[in-house]
Amino acid sequence: MKVTENMVKVLGVLNGLEGGKGFAKDVLAKMEGKTFNAVNATLAACAGKDLCTKEKMACGEKMLTCYTITEAGKEILAKAEAEDEDAE
């Protein structure tokens, strides 16, 4: 499975949220230089690869998609972290 560097970054932020769960706006708040649409599209792509799950949840008065990192997503992060350490 092809996983982009951007996917790894977004999954890392999602994993850092409480319970590894959050909305695209929560992930965006902890990233610099990204747009909401880019973060949302990346999260949707990750969900398509079973790296996170998505479900509709209430956020204020709106129903938004909430993403939760999966074990497969955590494995991708661990693998990327190991590769970074090997590169140093």
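Biologist: Which residues are exposed on the other side of H1, away from its buried ones?

Modeller: In this predicted model, for which local features need pLDDT of at least 70, side-chain atom pairs count only at pLDDT 80 or more, and totals for chains, interfaces and linings use all residues, they are Glu 5 and Gly 16. Residues are numbered from 1 along each chain as its sequence is written, and side-chain values use heavy atoms, with hydrogens and water left out. Exposed means over 50% relative accessible area, buried under 20%, and partly exposed in between, with a 1.4 Å probe and protein chains only. Helices (H or I, at least four residues) and strands (E, at least two) are DSSP runs, numbered from the N terminus.

Biologist: How is the buried side of H1 to be read, and which residues are buried there?

Modeller: An α-helix has 3.6 residues a turn, so residues three or four places apart point the same way. In H1, the buried residues are Met 7, Val 10, Leu 11, Val 13 and Leu 14. Their arc around the axis is only 160°, which places them on the same side of H1. The arc is taken over the directions from the helix axis to the C-beta atoms.

Biologist: What span should H1 have, and how far apart are its end C-alpha atoms?

Modeller: The expected span is 1.5 Å times one less than the number of residues. For the 12 residues of H1 (residues 5–16) this gives 16 Å, and the end C-alpha atoms are 17 Å apart, which agrees.

Biologist: How many bridges join S3 to S2, and how many join S3 to S1?

Modeller: Two strands pair if DSSP finds at least two bridges between them. S2 (residues 52–59) and S3 run antiparallel with 8 bridges; S1 (residues 21–23) and S3 (residues 62–69) are also antiparallel, with 3 bridges. Tyr 67 in S3 is the bridge partner of Lys 54 and of Gly 22.

Biologist: Where does the backbone take a positive phi?

Modeller: Gly 60 does so, near 70°, in the hairpin of S2 and S3, which has 2 residues between the strands. Asp 50, a residue other than glycine, has a phi near 60°. Asp 50 lies in the loop between H3 and S2, and its relative accessibility of 55% makes it exposed.

Biologist: How many disulfides does the structure hold?

Modeller: A disulfide is a pair of cysteine sulfur atoms within 2.5 Å. The structure holds 0 of them. For Cys 52, the nearest cysteine sulfur is that of Cys 46, 5.2 Å away. For Cys 66, the nearest is that of Cys 59, 8.9 Å away. Cys 52 counts as buried because its relative accessible area is 3%, and Cys 66 is buried with a value of 3%.

Biologist: What volume does the largest pocket have, and which helix supplies the largest share of its lining?

Modeller: Rolling a probe the size of a water molecule over the atoms shows where empty space is left. On a 1 Å grid over the protein atoms alone, with a 1.4 Å probe, a pocket is an open set of points with protein on both sides within 12 Å along at least five of seven lines, and lining residues have an atom within 4 Å of a point. Points are joined across faces, edges and corners, and the volume is the space filled by probe spheres set on them. The largest pocket has a volume of about 250 Å³. H4 gives the largest share of the lining, 5 residues, while H1 and H4 (71–87) each supply at least two. Among the lining residues are Met 1, Val 8, Gly 12, Ile 76 and Asp 84.
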